[in-house]
Amino acid sequence: MQYFHKSVLLEEAVNGLDVKKDGLYVDATGGAGGHSKEIQRRLGHKGRLVIIDRDPDAVEVLMNNFKKFESVTVVRENFCDIHEVLDSLEIEKIDGVLMDLGVSSFQLDNTERGFCYKEDAALDMRMEKDGVSARDVVNEYSLPELVKIFRDYGEERFASQIAKNIERRRKKSLIKTTQELVQIIESSIPAAARRRGGNPSKRVFQAIRIEVNKELDSLKLGLNACFERLNSGGRLCVITFHSLEDSLVKKSFCRFVGGCICPADFPICSCGREVLAEIVTKRAITPCEEETRNNKRSRSAVLRIIKKI
Ligand SMILES: C[S@@+](CC[C@H](N)C(=O)[O-])C[C@H]1O[C@@H](n2cnc3c(N)ncnc32)[C@H](O)[C@@H]1O
Ligand SMILES: [Zn+2]
C-alpha cells in the first residue's frame, strides 16, 4: 500500500534553514521525507543531511528512498537524543535543524497503528512501536490523570464526562479498539454539543497520542539539545500543530535569545546573560490560503525560526 504525506510549509521551512551547499543539516522528523528531499536537493557534493525519525516503519521507507544519496544518513532515534546521534556519527556541530512535529499521513493512514479515530483498529498509537500504548493509557490511568490529559492536551470541554465513562466501561471489560473508545466519547457528549464544536474523538485521540509518545517532554529536551549543537549562524526551524507545542517553542526561543534581565533602573548589568540567538520570525509563519485549502492538516501549522549568534 502507498501512503502519501503532503509536507506542510515546505518552501517556507526549508528556506528558513537557509541551506548552504556545503552545510550539515538535520531533519529531526523525517516522516515521509518531503522536507528532507528538498533539503537534499539544495545541498552540494560537500553537504550532508542526517534524517532522524523515531518510527521504525518511517525509517525503513526513508532508508530505502535515500539510499542512493551518499550524503544522507537515516537514523532511528528520538530527536531528544540528538547528542547521541551526532556523537555516534562523529559530528560536532550542525548548520540547521528542522522539526515538523506530530504524525505523518503515513502513520495516520496505516489503520493498524491505531492513530486514526475514523477506522477500527487495536488501540496503539506508539510511534516507536514500543512501550506504553493507548490501550494502557485508557485502561490503566487514573480518572484524574485521564481528565488532565483530555483537558490539557485535547482542550476537551467534556474531559471529565469522557473519563468517567471510560472508567465505568473498563470496570466491565477492557477497552481494546479505537471504535470502542469512539463510542464512549460520543456517548459522553450532549447531543447539542455534538452538532457543533468539531469532533471530540479527534481531540481525545490527539491527547492520548501526545501522552503515549510523551511528545511535549521530547520537544522540550529536543529543542535544548538541538540548539546546543548549532554552529553560530545555524538555524532551528520548528513547525507545530498544537498550541501547547507552540508555546513551548516560544518559551524556549525566548530563553535561547537570553540577554540582560536586570531591572531597568540598574546602572550596569549584573546578570551577565549573553544574547545567544536572534528570532528570525518575529511573527510566526502560517500556511497560505491555498495550502490550507489543499491540505486540511496544515490549518493549525505554525512555523518559528531562530538563528544562533
Ligand atoms: C509530520 S511528520 C514529518 C513529515 C515530514 N516533514 C515530511 O515532509 O514528510 C512527523 C514525523 O516525526 C516523527 N517524530 C515525531 N516526534 C519525534 C521525535 N521526538 N523524535 C523523532 N521523530 C519524531 C514521527 O514519527 C513522524 O514520522
Ligand atoms: Zn543584566
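**Close-up views of ligand 1 and the largest pocket**

**View 1. Residues around ligand 1 in the predicted model.** Ligand 1 has 25 residues around it, and those that come nearest are Ser7, His35, Asp53, Asp100 and Gln107. By class, this shell consists of 13 polar, six charged and six nonpolar residues.

**View 2. Polar contacts of ligand 1.** Two residues are shown for their backbone atoms: an N or O atom of the Ala32 backbone lies 3.0 Å from an oxygen atom of ligand 1, and a backbone N or O atom of Gly33 lies 3.1 Å from an oxygen atom of the ligand. Asp100 takes part through its side chain, where an N or O atom is 2.7 Å from a nitrogen atom of ligand 1. On its own, ligand 1 has 600 Å² of accessible area, and the protein covers 99% of this.

**View 3. The cavity that holds ligand 1.** The site of ligand 1 is the largest cavity. Asp100, seen in View 2 for its side-chain contact, is also among the residues that come nearest to the ligand.

**View 4. The largest pocket and its lining.** The space in the largest pocket amounts to about 1200 Å³. Its lining is made of 33 residues, and Leu108, Tyr117, Lys202, Lys296 and Arg297 lie nearest the centre. Elements that give two or more residues to this lining are α5 (105-108), α11 (200-212) and α13 (243-257).

**View 5. Helix α11 and the make-up of the pocket lining.** With six residues, α11 gives the most to the lining of the largest pocket. The lining as a whole has 12 charged, 12 polar and nine nonpolar residues.

Conventions:
Residues are numbered from 1 along each chain as its sequence is written. Chains are lettered from A and ligands numbered from 1 in the order in which they are written. This is a predicted model: local features need pLDDT of at least 70, side-chain atom pairs count only at pLDDT 80 or more; totals for chains, interfaces and linings use all residues. Side-chain values use heavy atoms; hydrogens and water are left out. A residue is near a molecule or strand if one of its heavy atoms lies within 4 Å of it. A polar contact is a pair of N or O atoms within 3.5 Å; within protein, one must be able to donate a hydrogen and the other to accept it, and residues adjacent in sequence count only if both atoms are side-chain atoms. Accessible areas come from the Shrake-Rupley method with a 1.4 Å probe; for residues, only the protein chains shown count as cover. On a 1 Å grid over the protein atoms alone, a cavity is a set of points where a 1.4 Å probe fits but cannot get out, and a pocket is an open set with protein on both sides within 12 Å along at least five of seven lines; lining residues have an atom within 4 Å of a point. A molecule sits in a cavity or pocket if more than half of its atoms lie within 2 Å of its grid points. Ala, Val, Leu, Ile, Met, Phe, Trp, Tyr, Cys and Pro count as nonpolar, Asp, Glu, Lys and Arg as charged, and the others, Gly among them, as polar. Grid points are joined across faces, edges and corners, and a volume is the space filled by probe spheres set on the points. Helices (H or I, at least four residues) and strands (E, at least two) are DSSP runs, numbered from the N terminus.
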